[in-house]
Amino acid sequence: VCYHGTPNHRPEIEWLVPVIEAVQARTVNVHFELFGAPAVNGVLKRLPRVSVLQPMTWPNYLSFTSCQRRDLGLAPLLSSLFNEARGPTKFFDYARMGAVGLYSDRPPFRGFIEHDVDGLLIPNDPARWAEVIVDLAGNIAKRKQMAAAAQERLKRTL
């Protein structure tokens with residue numbers, strides 16, 4: 001499970017900590033990968049099965065995500081001036097990695113993501129996010145079906 005945010009997304013990373021804790025309390029085989037500056041590593045280092053990658057340039061990130069595969073990609077989006085100007089770019093990043101995206105049920109994802117087809121729209125409730133992650137971790141067929149739909153949509157938009 002990955003969350004590929006930037007240092008501008010520290011509130012989202014902190015919001016994800018109870019989600020990660022809840023998932024890890026219910027599973028033994030789910031690993032989380034996040035991008036973050038050293039301060040983020042300090043927040044997450046106490047959690048098992050969590051990797052924190054250092055931020056990278058766009059060309060390096062594009063190359064990295066073009067050759068990496070992930071099962072789930074998280075895109076929580078909290079209210080902020082920065083996030084109000086965002087587009088649905090995480091869809092493209094996660095589809096490129098073959099991941100099913102879990103997105104906050106708010107713009108820019110609402111109206112773009114086809115819920116339960118090429119991603120999932122979830123209210124910003126950590127308990128709900130944990131529940132969905134645990135459910136999808138155990139449902140390989142649904143993950144493959146949704147990931148294939150996301151990749152097909154990605155091909156159509158290129």
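**Notebook: salt bridges, fold and odd backbone spots**

I looked up E14 and got a relative accessible area of 40%, which makes E14 partly exposed. The classes I use are buried for under 20% relative accessible area, exposed for over 50%, and partly exposed in between, with a 1.4 Å probe and protein chains only.

The model is predicted: local features need pLDDT of at least 70, side-chain atom pairs count only at pLDDT 80 or more, and totals for chains, interfaces and linings use all residues. Residues are numbered from 1 along each chain as its sequence is written, and side-chain values use heavy atoms, with hydrogens and water left out.

**Salt bridges**

I searched the whole structure for salt bridges and got 10. The criterion is a side-chain nitrogen of Lys or Arg within 4 Å of a carboxyl oxygen of Asp or Glu.

I went back to E14 for its partner. E14 pairs with R10 in a salt bridge, with 2.9 Å between the closest N and O atoms. Both residues belong to helix α1 (residues 10-26) and stand four residues apart, about one turn of the helix. Helices here are DSSP runs of H or I with at least four residues, strands are runs of E with at least two, and both are numbered from the N terminus. R10 has 30% relative accessibility and is therefore partly exposed.

Next I took D93 and R96. Their side chains form a salt bridge at 2.7 Å, N to O. This pair also lies within one helix, α5 (residues 89-96), at a spacing of three residues, about one turn. D93 is buried at 7% relative accessible area, and R96 is buried at 17%. I then checked for further links and noted a network of salt bridges that joins K90, D93 and R96.

Which parts of the chain does the R153 and D118 pair tie together? I took the distance before the location: the side chains of R153 and D118 meet in a salt bridge of 2.7 Å, N to O. R153 sits in helix α7 (residues 140-157) and D118 in the loop between β5 (100-104) and β6 (120-122), so the pair ties together parts 35 residues apart in sequence. Both ends came out buried: R153 has 11% relative accessibility, and D118 has a relative accessible area of 2%.

**Whole chain**

I counted seven helices and six strands in the protein chain. Their order along the sequence reads β-α-β-α-β-α-β-α-α-β-β-α-α.

I compared the radius of gyration with the globule rule. The chain has 14 Å, which agrees with the value near 15 Å for a compact globule of 158 residues. The radius is taken over C-alpha atoms, and the rule is 2.2 Å times the number of residues to the power 0.38. The C-alpha trace spans about 40 × 35 × 30 Å along its principal axes.

Buried residues make up 48% of the 158 in the chain. For contacts (heavy atoms within 4.5 Å) I noted that residues 24 or more positions apart account for 63% of those with a separation of 6 or more.

The accessible surface of the chain is about 7,800 Å², and 56% of this area belongs to carbon and sulfur atoms. Areas are from the Shrake-Rupley method with a 1.4 Å probe, and for residues only the protein chains shown count as cover.

I also took the mean positions of the 19 positive and 15 negative charges, which are 5 Å apart. Lys and Arg count as positive and Asp and Glu as negative, with His and the chain ends not counted. Each charge is placed at NZ of Lys, CZ of Arg, CG of Asp or CD of Glu.

**Single residues**

Is H9 buried or exposed? H9 lies in the loop between β1 (2-3) and α1, and H9 is buried, with 4% relative accessible area. Leaving out residues up to four places away in sequence, I listed Y3, F82, N83 and R86 as touching H9.

I checked the backbone of the loop between β5 and β6, where P108 is found. The peptide bond joining P107 and P108 is cis, with omega about 10°. D116 is found in that loop too. Its phi is near 70°, a positive value in a residue other than glycine. At 40% relative accessible area, D116 is partly exposed.

R49 is another non-glycine residue with positive phi, near 55°. I placed R49 in the loop between α2 (38-44) and β3 (50-53). R49 is partly exposed at 26% relative accessibility.
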